[in-house]
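Me: I have a model open and would like to go through the reasoning behind some of its labels. Could you take them with me one by one?

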Amino acid sequence: MNDVTSTAVRPRKRPMKLSTTVTLMVCSVIGSVLLLAFALWFWQISNATRDGVKETALAVARTLADAPEVKRGLRLPPNSNVIQPLAQAITTRNDLLFAVVTDMQGIRYSHPNAAIIGQHFIGNDLEPALNGNENVAVNRGVLAPALRVFTPVYDDNHRQIGVVSIGISLSKVDEQVSRSRWAVMWTLLFSALMGTLGTWQLVRVLKRILLGLEPYEISAQFKQRQAMLQSLKEGVIAVDADGRVTLLNHAARQMLLTNNPSGETSHGPLMDELLTVLKTGNALQDRELGHNGLLLLCNTVPVRSQGAVIGAISTFRDKTEVSQLMQRLDGMVNYVDALRTTSHEFMNKLHVILGLLNMKSYDKLEGYVLQTAQNYQTDIGAIQHRIKSPVVAGFLLGKINRAKERGFTLTLADESLVPENPNAKQVTVLVTVLGNLIENALDAMSNQVEGEVSLLLHYQDGWLIGEVSDDGPGIEPDHIEAIFRKGFSTKGDNRGVGLFLASQQLTELGGTITVESEPGVFTQFFVHLPWDSERKTA
């Protein structure tokens, strides 16, 4: 049991810090490059140094071969002491290991060790020069190992009479290479120092950009924020400074792709809001936007960094359901009020019946009951006969009673016919549209003593055609085009949503709404709505 517990709570191994990772990576790259550069540079410097020494030795040898004393001395015996002083002077002046002159048999005429003058030159590297070719070789003779160059000596008739050999100690060549090597080393050390300082500065800049967080911390916070964004019921959409979408959470996709068969994200109104905020830098709060029949409540704010706007983010939620619930709630309230009114009327009628019974006026009681039954058939029975949808029928009964309470008349045309519809969304949209139109008509006639609202609902070939007309004050011609625009209202501020929402929902279902009005005479709205019914004709 203890082993299981200790295994479960064992802490995770912390990843390497960003500063350590970047330092190791950059130092490895810089070190590899510097080592490669050192190897190439050292190889080139060594070759250049040896080539320089060789060219210097050849120049001295050619100069000595052209000297008149050398040409004259080679005509004399080796011990004539003509060439030796000149060779010694050249050796001392140019810091050479030796300067040896031989005849065509390889017999020395000069040497740092005068005792071996007259002896044969040691080494096969003399042979090419005896054949008239300059030669460069590394060999060891009587003295130390040396870089030896050979050049032929010609007389005035251009006939070879001997060879000049110049030797430079290899230790001196190595000294020059070492001096070059140290110059390279100091250069590499300086480069390494600058690379280290650059790495340190790079780590500081990266830490500042990453707000002092380590990469694994950024990854963990990113995953947490992604999970949080995807779990939100509100839609979230963000853009960068160029207006490109950088964030779109699951709720936003669901709302923006609603009823979009193509599957392409359409967010024109939201993008307009985001681009406006991106341009002005001012937040837009509690804005209502229409999209695919939805009413979105949107808040858009700029994203700033060091005082500059680097993007914008918008959060929004669907207000359509809330609006529909409010409309249904209003309808229920009206319906309850209508039931309350009906209840009072029924109690009053019972009192009348009771009074007539007590008075034993049976003839009048019979007439009163028949009249009451006829009124019921006229008001309720007719509606139930024409309107087969219980939801729509109940809604119209509530509106008829509400109109009576306000002193007006709501009349359903005799030719009206609405078949049952299993599509709850179409029924909801019809109730929403009719509710807005009837309430607007009653409000428009509020300053009149009396008025009438006429309603015609007719089904034909999969479409429900509705006409709502009233004899109110009408609509001004300048306002006809604006009444379906969000926020437009002649009733005051914070209004102008009902007709906008009705138009949006009708458009979503493929329906239409139009209006005709003559100021002071009438106003008439025409509604066309798809209606899923089993009936083919009506």
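Me: Why are α12 and α13 called roughly parallel to each other?

Reply: Happy to help, and bear in mind that this is a predicted model. Helix α12 (residues 390–405) and helix α13 (residues 424–444) pack at an angle of about 10°. Angles under 35 degrees count as roughly parallel, and α12 and α13 are therefore given that label. Their axes lie 11 Å apart.

Me: Which residues make the contact between α12 and α13?

Reply: From α12 come Val391, Val392, Phe395, Lys399, Arg402 and Ala403. On the α13 side you will find Val427, Leu430, Val431, Leu434, Gly435, Ile438, Glu439 and Leu442. By class, the residues of this contact divide into 10 nonpolar, 1 polar and 3 charged.

Me: What makes β10 and β13 edge strands?

Reply: Look at the order in the open sheet of 5 strands: β10-β11-β12-β14-β13, with mixed pairing. β10 (409–412) and β13 (512–518) each pair on one side only, which is what marks the edges. From one strand to the next, the twist averages 15°.

Me: How do you know that β12 and β14 pair, and in which sense?

Reply: Two strands pair if DSSP finds at least two bridges between them. Strand β12 (residues 463–470) and strand β14 (residues 522–530) have 8 bridges, in the antiparallel sense. If you want a spot to look at, Leu464 stands opposite Leu529 in β14.

Me: Where do the two helices sit with respect to the sheet strands?

Reply: α13 packs on the sheet and touches β10, β11, β12, β13 and β14. The direction of α13 makes about 175° with that of β14; angles over 145 count as roughly antiparallel, so that label fits this pair. As for α12, this helix lies across β10 and β11 (452–460), running at about 145° to β10.

Me: Why is Glu450 called exposed?

Reply: Exposed means over 50% relative accessible area, and Glu450 has 61%, so the label applies. You can find Glu450 in the loop between α13 and β11. Leaving aside residues up to four places away in sequence, Glu450 touches Gly407 and Phe408. The C-alpha atoms of Glu450 and Arg406 are separated by 9.2 Å, although their positions lie 44 residues apart along the chain.

Me: What does the UniProt record add, and what is the model's secondary structure at residues 21–43?

Reply: The unreviewed UniProt entry places the feature "transmembrane region" at residues 21–43 and 182–203. In the model, residues 21–43 are 100% helix and 0% strand, and the end C-alpha atoms of this span lie 33 Å apart.

Note on methods
Residues numbered from 1 in each chain as written. Predicted model: local features only at pLDDT ≥ 70, side-chain atom pairs only at ≥ 80, totals over all residues. Heavy atoms only, no water. UniProt positions renumbered as here; feature names shortened; annotations may be inferred. Helix = DSSP H or I, 4+ residues; strand = E, 2+ residues; numbered from the N terminus. Axes fitted to C-alpha atoms, helices over the stretch in contact; angles between N-to-C directions. Parallel < 35°, antiparallel > 145°, perpendicular 65-115°, else oblique. Contact = heavy atoms within 4.5 Å. Nonpolar A, V, L, I, M, F, W, Y, C, P; charged D, E, K, R; others polar. Buried < 20%, exposed > 50% of the residue type's maximum accessible area, 1.4 Å probe, protein only.
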